[in-house]
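Trainee: I would like to work through this structure with you, one question at a time. Could we reason each answer out before settling on it?

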Amino acid sequence: MDKTMLRGKKEVLRISWITALCLMGDSMLYIVLPLHWKEAGLDSLVQVGLLLSVNRLIRLPLNPVVSRIYRHISLRQGMLAAVVLAILTTASYGFIHTFPLWIAARCVWGLAWSFLRLGAYYAILELCGDRNEGRLFGLYNGHYRLGSLVGMLLGGTLAEVLGLRTVAWLLGAAAVCGVPFLLRGLQIDDVQKKSVRQAEASVPLQQRSGSAALLTVLKTNDVPWLLAAALGSAMIYEGMLTSTLSNYAETRQASITVLGFTLGGAFIAGGLQALRWGWGPFLSPFIGGLSDRQSSKARLLTGTMGIAAAMLILFPLPLPTWGWMAAAVALLMTSTCTTTLMDALAGSVSGTLSMHNRRTVMTAYSVTLDLGAALGPAVSFWVVQHAGYSAVYWGAAAMWFGLCCYFFVAKPFAKQ
């Protein structure tokens with residue numbers, strides 16, 4: 001591995017660890033809030049769905065704004081702003097008691113996440129070389145989700161003993177202790193400033209506005225289908241599956257006995273989600289590297305989508321607990337693979353464009369992911385209340401299978 005690739009790996013890992021520490025509080029809520037919503041001062045599961053969606057909805061208008069801000073500040077400054085906001089919001093989960101205050105806290109977290117994710121995307125675009133974007137995106141996805149591992153694991157276990165509020169304060173304290181050390185070592189700022197200057201100089205003045213740049217990239221053949229796949233992926237995985245898993249495990253009264261102890265649905269859901277993030281540092285870089293070596297990233301993505309559709313069909317069936325857990329593990333593995341493949345495909349699709357337009361593609365891609373992730377929880381809990389969990393999972397399977405079939409027949413990413 002040459003020095004440039006080694007430096008890129010180190011920078012991406014550092015950014016992913018900063019993100020992981022900031023993400024712990026948010027991830028904890030996905031396990032704890034559907035079960036402890038009364039302790040949080042909420043009135044219904046509908047409010048839970050809204051709270052798990054609003055941080056994504058607020059990012060729809062915020063992402064383009066943050067993108068423009070990154071033209072004038074360094075990556076380190078953007079990360080610092082995100083860290084401060086993330087720590088404040090995680091700590092606030094420990095004392096707020098009303099729905100409006102929860103809404104405000106989740107909106108602030110949405111702003112923090114916009115700074116974190118767009119900063120990471122832009123850094124990877126600047127650090128990646130010839131066909132190694134898959135590996136760098138895999139490193140980032142695999143390691144930043146360790147924050148989800150810690151947040152969900154602690155949420156599924158300690159919240160039963162200590163309560164939601166104490167767990168939130170502990171996670172906020174952990175971020176305060178770890179992030180300053182990681183921020184101090186970032187070396188990407190000079191590369192970023194040079195890249196931004198070159199990008200601005202290469203684009204005609206009339207094409208520098210956000211709307212003009214967006215219209216330009218949407219004319220690129222593969223971009224609309226990239227955004228369609230991103231929308232489906234975020235709705236199914238980050239929206240529907242993440243937000244409903246713990247509640248569904250409780251509803252189906254899933255339990256297992258280990259060494260004489262009976263473990264209930266909350267523990268199983270937390271363990272499954274933790275397992276998902278635990279294999280990330282190994283599976284995500286592997287899948288990313290595999291996509292770099294393949295002639296077509298889209299072929300890998302289509303196969304993964306087909307497996308995911310099959311698992312979604314099995315998921316709500318009356319299987320034995322161990323059979324249901326096996327289907328859940330397979331489905332969560334497709335989530336890890338799909339996330340990395342989608343990010344790598346986004347980097348590859350934008351690879352033939354100027355740096356200015358590449359950043360526009362990644363901003364539009366990020367907005368689309370947030371839209372899907374925002375719609376997922378709200379739509380899922382609404383469907384659950386009116387038609388049950390089977391309608392949620394089978395509807396997701398139909399959407400994923402339809403998109404998979406189109407990609408298999410039409411081959412929209414033939415050159416990727």
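Trainee: Which residue lies over the face of Tyr122?

Mentor: Bear in mind throughout that this is a predicted model. Tyr122 belongs to helix H5 (residues 99-127), and, leaving out residues up to four places away in sequence, it touches Ser67, Tyr70, Arg359, Met362 and Thr363. One of these contacts sits over the face of the ring, at 4.0 Å from the ring centre, and that residue is Arg359.

Trainee: Is Tyr122 buried or exposed?

Mentor: A residue counts as buried when its relative accessible area is under 20%. For Tyr122 the relative accessible area is 1%, so Tyr122 is buried.

Trainee: How far apart in space are Tyr122 and Met362, C-alpha to C-alpha?

Mentor: Met362 is among the residues that Tyr122 touches. In sequence Tyr122 and Met362 are 240 residues apart, whereas their C-alpha atoms are separated in space by 7.9 Å.

Trainee: Which residue forms a salt bridge with Arg359, with the closest N and O atoms 3.3 Å apart?

Mentor: The partner of Arg359 in this salt bridge is Glu126. The pair links distant parts of the chain, since Arg359 is in helix H16 (residues 355-387) and its partner, 233 residues away, is in helix H5. Both side chains' residues count as buried, Arg359 and likewise Glu126.

Trainee: Which residue forms a salt bridge with Arg145?

Mentor: The closest N and O atoms of this salt bridge are 2.9 Å apart, and the partner of Arg145 is Glu238. The pair links distant parts of the chain, with Arg145 in the loop between helix H6 (133-144) and helix H7 (146-162), and the partner, 93 residues away, in helix H11 (residues 223-251). Both members of the pair are buried, Arg145 as well as Glu238.

Trainee: Where does Arg276 lie, given that Glu238 also forms a salt bridge with Arg276?

Mentor: In this salt bridge the closest N and O atoms of Glu238 and Arg276 are 3.2 Å apart. Glu238 lies in helix H11, and the pair ties together parts that are 38 residues apart in sequence, because Arg276 lies in helix H12 (residues 265-278).

Trainee: What relative accessibility does Arg276 have?

Mentor: Its partner Glu238 is buried, with a relative accessible area of 15%. Arg276 also counts as buried, and its relative accessibility is 1%.

Trainee: How many salt bridges does the structure hold?

Mentor: Besides the pairs we have discussed, Arg59, Arg117 and Asp370 are linked in a network of salt bridges. For the structure, the number of salt bridges is six.

Trainee: Why are Tyr389 and Tyr393 separated by about one helical turn?

Mentor: A search of the whole structure finds 17 aromatic pairs. Tyr389 and Tyr393 form one that is stacked, at 6.4 Å centre to centre with 15° between the planes. Both residues are buried, Tyr389 and also Tyr393. They are about one helical turn apart because Tyr389 and Tyr393 are four residues apart in helix H17 (residues 389-410).

Trainee: Which residues do ring pairs link into a cluster?

Mentor: The stacked pair of Tyr389 and Tyr393 offers a starting point. Ring pairs join these two tyrosines with further rings, and the cluster consists of Tyr248, Phe315, Trp324, Tyr389 and Tyr393.

Trainee: Which residues make the nonpolar surface patch of about 270 Å²?

Mentor: One member, Val84, is in helix H4 (residues 75-92), and at 43% relative accessibility Val84 counts as partly exposed. The patch is made by Leu80, Val84 and Leu88.

Trainee: Which residues is Ile87 in contact with, leaving aside its neighbours within four places in sequence?

Mentor: Ile87 also has its place in helix H4, but at 18% relative accessibility Ile87 counts as buried. Its C-alpha atom is separated by 9.9 Å from that of Val179, which is 92 residues away along the chain. The contacts of Ile87 are Gly172, Ala175 and Val176.

Trainee: What percentage of the residues of the chain count as buried?

Mentor: Thr338, in helix H15 (residues 321-349), is one example, counting as buried at 0% relative accessibility. Of the 416 residues of the chain, the buried share is 58%.

Conventions. Residues numbered from 1 in each chain as written. Predicted model: local features only at pLDDT ≥ 70, side-chain atom pairs only at ≥ 80, totals over all residues. Heavy atoms only, no water. Patch = residues over 30% accessible without salt bridge, like charges linked within 9 Å, V, L, I, M, F, W, Y side chains within 5 Å. Areas by Shrake-Rupley, 256 points an atom, 1.4 Å probe, with all protein chains shown as cover. Salt bridge = Lys/Arg side-chain N within 4 Å of Asp/Glu carboxyl O. Helix = DSSP H or I, 4+ residues; strand = E, 2+ residues; numbered from the N terminus. Buried < 20%, exposed > 50% of the residue type's maximum accessible area, 1.4 Å probe, protein only. Phe/Tyr/Trp six-rings, centres within 6.5 Å; stacked < 30°, edge-to-face > 60°. Lys NZ or Arg CZ within 6 Å of the ring centre and 35° of its normal. Contact = heavy atoms within 4.5 Å.
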